[in-house]
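This report describes the covalent and charged side-chain links of one protein chain. Please consult the sequence and structure shown here alongside the text.

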Amino acid sequence: QVQLLESGGGLVQAGGSLRLSCAASGSFFSIKGMGWYWQAPGKQRELVAAISTGGSTNYGDSVKGRFTISRDNAKNTVYLQMNSLKPEDTAVYYCNAQVVTFLKREYDYWGQGTQVTVSS
């Protein structure tokens, strides 16, 4: 079993910063891509940022220049540094990881979600 444990969400004023962390634990061969998605009430889950094993990154248009995704492969952990936060960034943020099992099968895993609320 693989678990993704998220931390770092909370309440912040507009213009402030938060840092999310997501650590993968369990028994697996490796982790390929990792990323963060957000879901606001009544909306679909959307990509915030993703990062490959080699460090290539991809960002949603609305967060480019404000958010930075990074990862520590040795710790199986992905981070999301969020700066210049806006009220429209308010959502539940979910961590995602593409996990490779010892049988070399790939599965998508999701964290439980962490609430980020930005007040105006």
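C22 and C95 form a disulfide (a pair of cysteine sulfur atoms within 2.5 Å), with their sulfur atoms 2.0 Å apart. C22 belongs to strand β3 (residues 18-26) and C95 to strand β9, so the pair ties together parts that are 73 residues apart in sequence. Strands here are DSSP runs of E, at least two residues long, numbered from the N terminus. The torsion about the S-S bond of C22 and C95 is about -80 degrees, so this disulfide is left-handed. C22 is buried (under 20% relative accessible area, computed with a 1.4 Å probe on protein chains only; exposed means over 50%, and partly exposed lies in between), its relative accessibility being 0%. C95 is likewise buried, at a relative accessible area of 0%. A search of the whole structure finds one disulfide.

The model is a predicted one, in which local features need pLDDT of at least 70 and side-chain atom pairs count only at pLDDT 80 or more, while totals for chains, interfaces and linings use all residues. Residues are numbered from 1 along each chain as its sequence is written, and side-chain values use heavy atoms, with hydrogens and water left out.

Side chains of opposite charge can pair when their charged atoms come close. A salt bridge is taken as a side-chain nitrogen of Lys or Arg within 4 Å of a carboxyl oxygen of Asp or Glu. By this rule the count comes to three salt bridges, set out below.

| Acidic residue | Basic residue | Closest N to O |
|---|---|---|
| E106 | K32 | 2.8 Å |
| D61 | K64 | 3.1 Å |
| D89 | R66 | 2.8 Å |

The salt bridge between E106 and K32 links distant parts of the chain: E106 is in strand β10 (residues 106-110) and K32 in strand β4 (residues 30-39), 74 residues apart. E106 is partly exposed, with a relative accessible area of 48%. K32 is also partly exposed, its relative accessible area being 36%.

In the salt bridge of K64 with D61, D61 is exposed, at a relative accessible area of 66%.

What of the salt bridge between D89 and R66, and are its two residues buried or exposed? D89 lies in the loop between β8 (77-82) and β9 (91-100), and R66 in the loop between β6 (57-59) and β7 (67-72), so the pair ties together parts that are 23 residues apart in sequence. Both D89 and R66 are buried.

Notes. Helices (H or I, at least four residues) and strands (E, at least two) are DSSP runs, numbered from the N terminus.
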